[in-house]
Structures are given as C-alpha cells and as structure tokens.
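Biologist: Please take me through this model and set each value against the definition behind it.

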Amino acid sequence: MARLQRKKTVSAKKKKQKKAVAVALQQVKNDGAVKQMALPLAAVKESKKSQVSPPKKTVTKIRTEPGKIKNYLDISLQFLREVKVELKKVTWPTRKQTMSSTVVVIILVMIISLFLGVIDVGLSSLLRLVLK
C-alpha cells in the first residue's frame, strides 16, 4: 500500500511542477507581448532582420554535383574525428586481463570440441550398429 501512496505523491509533484512551468511560460509570453507592443514598428522590423534562422539540414541528392565529393570527404573526416574522441573514452583491458581471457576462451573451446568429438564418435558407432 505504501508503494501506491508513493506513486501518487510523485505524480502529484509532477503535476505541480508542470503547472508551475505552464504558469511561468504564460507570464513570459504575456511580458513579451507587452514589451513588443511598446516597441515602435521600425524596431520590430529591425529585430526580425537580426534574428538568425537555424541552419537548414542539407538533403543529399542522387546526382553528382561539383563539390559533392568534398562534402562527402568533410562528413567522413568529421566522423573519423568523432570516432577518435570516442575511442579515447574507452577503458581498454590490460595485457594481463587480455591474456587471461584468451586462455579461458582457448580452454573452453578445447573442452567443447572434445565433448562434441566424443558425441560424434558415439553417434556414428551407434548408427553403424543400427544400419548393420
């Protein structure tokens, strides 16, 4: 029962947070509307000009265009730079850990191959007896 009560309190907290965020956004919108009305028309036009639009994503086309190869090279080089950064974050095993893991794998492969070999010999001899 305590579990259900905790869930209710968490959802109530979330509702309060959402409500507070909505009220704050409404106040910001109202304040912005009042300030915009106070600005002269020329200032509004000027502010619209100074706004920077977000960069548009380029869509790759099937046709080859001049400079397209350079674009592919730039994208490839950027990818390789990011790979290099990510590889620096990797925690690589020590030589001792690598050697011990390799030995474990080799031993397990030998055990499994021995087991499968015994099963193969047993089944083949059983099949010979049945076919005679």
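Biologist: Which element of the protein chain has the lowest mean pLDDT, and which the highest?

Modeller: Helix H2 (residues 41-50) has the lowest, 53, and H4 the highest, 97; pLDDT is the predictor's confidence in each residue, from 0 to 100. For the protein chain the mean is 77, and 58% of its residues reach 70 or more. This is a predicted model, in which local features need pLDDT of at least 70, side-chain atom pairs count only at pLDDT 80 or more, and totals for chains, interfaces and linings use all residues. Residues are numbered from 1 along each chain as its sequence is written, and side-chain values use heavy atoms, without hydrogens and water.

Biologist: Why is the contact of Glu86 and Lys89 called a salt bridge?

Modeller: The term requires a side-chain nitrogen of Lys or Arg within 4 Å of a carboxyl oxygen of Asp or Glu. Glu86 and Lys89 meet at 3.3 Å, N to O, so the pair satisfies the rule. The count by this rule is one salt bridge.

Biologist: What separates Glu86 and Lys89 in helix H3?

Modeller: About one helical turn, because they are three residues apart in helix H3 (residues 68-89).

Biologist: Why is Lys89 called exposed, and Glu86 partly exposed?

Modeller: Buried means under 20% relative accessible area, exposed over 50%, and partly exposed in between (1.4 Å probe, protein chains only). Lys89 has 58% and therefore counts as exposed; Glu86, with 45%, is partly exposed.

Biologist: How much of the protein chain counts as buried?

Modeller: Of its 132 residues, 1%.

Terms used
Helices (H or I, at least four residues) and strands (E, at least two) are DSSP runs, numbered from the N terminus.
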